[in-house]
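Good morning, and thank you for the time on today's agenda. Please take a moment with the sequence and the structure before I begin.

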Amino acid sequence: DATEQWAANLESRLDAAMDDGDRDEKASKVLELCKEENRDFDAIDAAVKDLAALPAYPDIGFRARGDWRLVWAKSDEGVGFIGTGLHRVPLANLEDQFLSLEADGSCALTEVIRVIGPFPNVKNLLTGTSTVGPSTLRLTYTKVIDGTGAELTSSQARSVKLRLAALSKSLLVVAAASIDADDW
């Protein structure tokens with residue numbers, strides 16, 4: 001029984017590894033479209049759907065581990081949903097957002113916010129746990145530290161459920177539910 005399960009898992013992993021070439025090509029297409037100066041939302045949506053149409057990794061929790069950098073977001077609401085939303089204050093812009101998903105289930109989201117003027121960048125750190133499923137990514141923030149080192153109120157400590165839209169070794173696409181549609 002254990003040998004049959006091991007063989008089935010190995011076969012699934014080999015099948016997924018064979019799909020990586022096609023998956024990498026489709027992920028590259030999404031990244032190229034996101035880097036364009038005048039982004040075509042419909043083309044990005046189509047490229048994400050094309051990538052998402054590939055079979056899911058059987059070991060998706062393992063594959064999602066690592067460090068991810070925000071490349072592009074369809075809306076400000078989507079960015080605010082996953083982070084603190086503090087980039088929305090006057091004269092502030094989100095410079096970068098990094099997400100680390102660790103093997104032990106811990107997670108950390110680092111936001112770098114640029115304040116216009118002669119002010120330094122602000123780094124916010126949200127830490128907690130993560131759960132990765134075939135189509136969901138849940139981040140449960142238990143601690144939020146702002147750029148001054150102060151721990152923010154418990155209202156920032158929350159659970160965020162995202163739809164895991166697509167995954168490759170170079171691209172993690174998540175969607176936050178919004179009023180209009182999915183925000184990538």
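Which residues lie nearest the centre of the largest pocket? They are L70, V71, W72, L172 and V174, and the full lining of this pocket counts 28 residues. Please keep in mind throughout that we are looking at a predicted model.

Let me stay with the pocket for a moment. The space inside the largest pocket comes to about 500 Å³. Several elements contribute to the lining: α1, α2, β1, α4, β2 and β7 each supply at least two residues. The element that gives the most is β7, with 4 residues. On your screens, α1 covers residues 2-35 and β7 covers residues 172-177.

I now turn to the overall arrangement. The protein chain contains 4 helices and 8 strands. Read from the N terminus, the order of the elements is α-α-α-β-α-β-β-β-β-β-β-β. The chain has 184 residues, and 39% of them count as buried.

Next, the strands. How many bridges join β2 to β3? There are 9, between residues 92-101 of β2 and residues 106-115 of β3, and these two strands run antiparallel. Within this pairing, L99 stands opposite L109, and S100 has A108 as its bridge partner in β3. The hairpin of β2 and β3 has 4 residues between the strands, and there G105 takes a positive phi near 90°.

Strand β2 also pairs with β1, again in the antiparallel sense, over 4 bridges. Here W68 has L99 of β2 as its bridge partner. L99 therefore appears in two pairings, with W68 as a bridge partner and opposite L109 in β3.

On the other side of our list, β3 pairs with β4, residues 122-132, in the antiparallel sense over 8 bridges. In this pairing S106 stands opposite T129 of β4. β3 and β4 form a hairpin as well, this one with 6 residues between them, and G117 in its turn has a positive phi of about 115°.

Let us move to the side chains. The structure holds 1 aromatic pair. Its members are F41 and W72, arranged edge-to-face, with 5.5 Å from centre to centre and 70° between the planes. The pair links distant parts of the chain, since its members are 31 residues apart: F41 belongs to helix α2, residues 41-52, while W72 lies in the loop between β1 and α4. Are these two residues buried or exposed, or something in between? F41 is partly exposed, with a relative accessible area of 39%, whereas W72 is buried, at 13%. W72 is also one of the residues nearest the centre of the largest pocket.

A second contact with a ring involves R23 and Y57. The charged end of R23 sits over the ring of Y57, 4.1 Å from the ring centre.

Finally, the cysteines. A disulfide is a covalent bond between the sulfur atoms of two cysteines. How many disulfides does the structure hold? The number is 0. As for individual cysteines, C34 counts as buried because its relative accessibility of 7% falls under 20%. C107 is buried too, with a relative accessible area of 4%.

To close, I would ask you to return to W72 in the display, since this residue takes part in the aromatic pair with F41 and also lines the largest pocket. Thank you for your attention.

How values were computed
Residues are numbered from 1 along each chain as its sequence is written. This is a predicted model: local features need pLDDT of at least 70, side-chain atom pairs count only at pLDDT 80 or more; totals for chains, interfaces and linings use all residues. Side-chain values use heavy atoms; hydrogens and water are left out. Rings of Phe, Tyr and Trp (its six-membered ring) pair if their centres lie within 6.5 Å; planes under 30 degrees apart count as stacked, over 60 as edge-to-face and the rest as tilted. Buried means under 20% relative accessible area, exposed over 50%, partly exposed in between (1.4 Å probe, protein chains only). A charge sits over a ring if NZ of Lys or CZ of Arg is within 6 Å of the ring centre and within 35 degrees of the ring normal. Two strands pair if DSSP finds at least two bridges between them. A disulfide is a pair of cysteine sulfur atoms within 2.5 Å. On a 1 Å grid over the protein atoms alone, a cavity is a set of points where a 1.4 Å probe fits but cannot get out, and a pocket is an open set with protein on both sides within 12 Å along at least five of seven lines; lining residues have an atom within 4 Å of a point. Grid points are joined across faces, edges and corners, and a volume is the space filled by probe spheres set on the points.
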